[in-house]
Amino acid sequence: MGVEIERKFLLSSDAWRDEVEKSLEMRQGYLSHDAQSSVRVRICNDQADINIKSTRDGIYRLEYEYPIPMADARELLNKVAHRPLVEKTRHILHVADHCWEVDEFHGENSGLVVAEVELASVEEVFQRPAWLGREISTDARYYNSNLSKLPYCYWEADA
């Protein structure tokens, strides 16, 4: 069984940009999603995969991910996936012993930037970078699957 333990945060500044090691372009769409599970197709650079996630608390998730042919991924994104697609640039950086992924969203989710760190356990301690803001791990609005239902550009100003 695949497991993902992830904490997600807003950012308090752009200081993280100085620490970026590499960036990846991603385009993804959801074939199915509800409050507890999702099925997603993603193209990242020259790789394509299908992903199945299930969560109860937003931090601990069952996750299964498998490569699929690029032609299949393109067809699924173009003909099957719910709209809008989620497009983002994922920036990879390291702080202390942890790899951080900062997702900078585009399209209807432009203006949203979030940082994620994967952990070995729910209780694992990690160094909080100075540029880290409010935690949003359990706020379902920020799940990528929900950003495909209600994009960031339609949120109220206090979000």
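**Disulfides.** I began with the cysteines of this predicted model and looked for disulfides, counting a pair of sulfur atoms within 2.5 Å. My count came to zero. As a reminder to myself, a disulfide is a covalent bond between the sulfur atoms of two cysteines.

I then checked cysteine 44, which takes part in no disulfide; its nearest cysteine sulfur belongs to cysteine 99, 13 Å away. Why does cysteine 99 have no bond to cysteine 44? The two sulfurs are 13 Å apart, and that is too far for a bond.

Are these cysteines buried or exposed? I found cysteine 44 buried, with 14% relative accessible area, while cysteine 99 counts as partly exposed because its value is 31%.

**The cores.** Next I went looking for nonpolar cores. The largest one holds 14 residues, and Leu93, Trp100, Val102, Ala115, Phe126, Trp131 and Leu132 have the most contacts inside it. Strands S1 (3-11), S6 (86-95), S7 (98-105) and S8 (113-118) each give two or more residues to this core. I also noted a second, separate core of 10 residues, with Val86, Phe105, Ile136 and Trp155 among them.

I picked phenylalanine 126 for a closer look. Leaving out residues up to four places away in sequence, phenylalanine 126 touches Arg7, Phe9, His98, Trp100, Val117 and Leu119.

**The surface.** Last, I turned to the outside. Which residues form a nonpolar patch there? I found Val3, Tyr60 and Val122, which together have about 240 Å² of accessible area. Tyrosine 60 sits in strand S5, residues 60-67, and its 38% relative accessibility makes it partly exposed.

Notes
Residues numbered from 1 in each chain as written. Predicted model: local features only at pLDDT ≥ 70, side-chain atom pairs only at ≥ 80, totals over all residues. Heavy atoms only, no water. Patch = residues over 30% accessible without salt bridge, like charges linked within 9 Å, V, L, I, M, F, W, Y side chains within 5 Å. Areas by Shrake-Rupley, 256 points an atom, 1.4 Å probe, with all protein chains shown as cover. Salt bridge = Lys/Arg side-chain N within 4 Å of Asp/Glu carboxyl O. Helix = DSSP H or I, 4+ residues; strand = E, 2+ residues; numbered from the N terminus. Buried < 20%, exposed > 50% of the residue type's maximum accessible area, 1.4 Å probe, protein only. Core = buried A, V, L, I, M, F, W, Y, C linked by side-chain atoms within 4.5 Å. Contact = heavy atoms within 4.5 Å.
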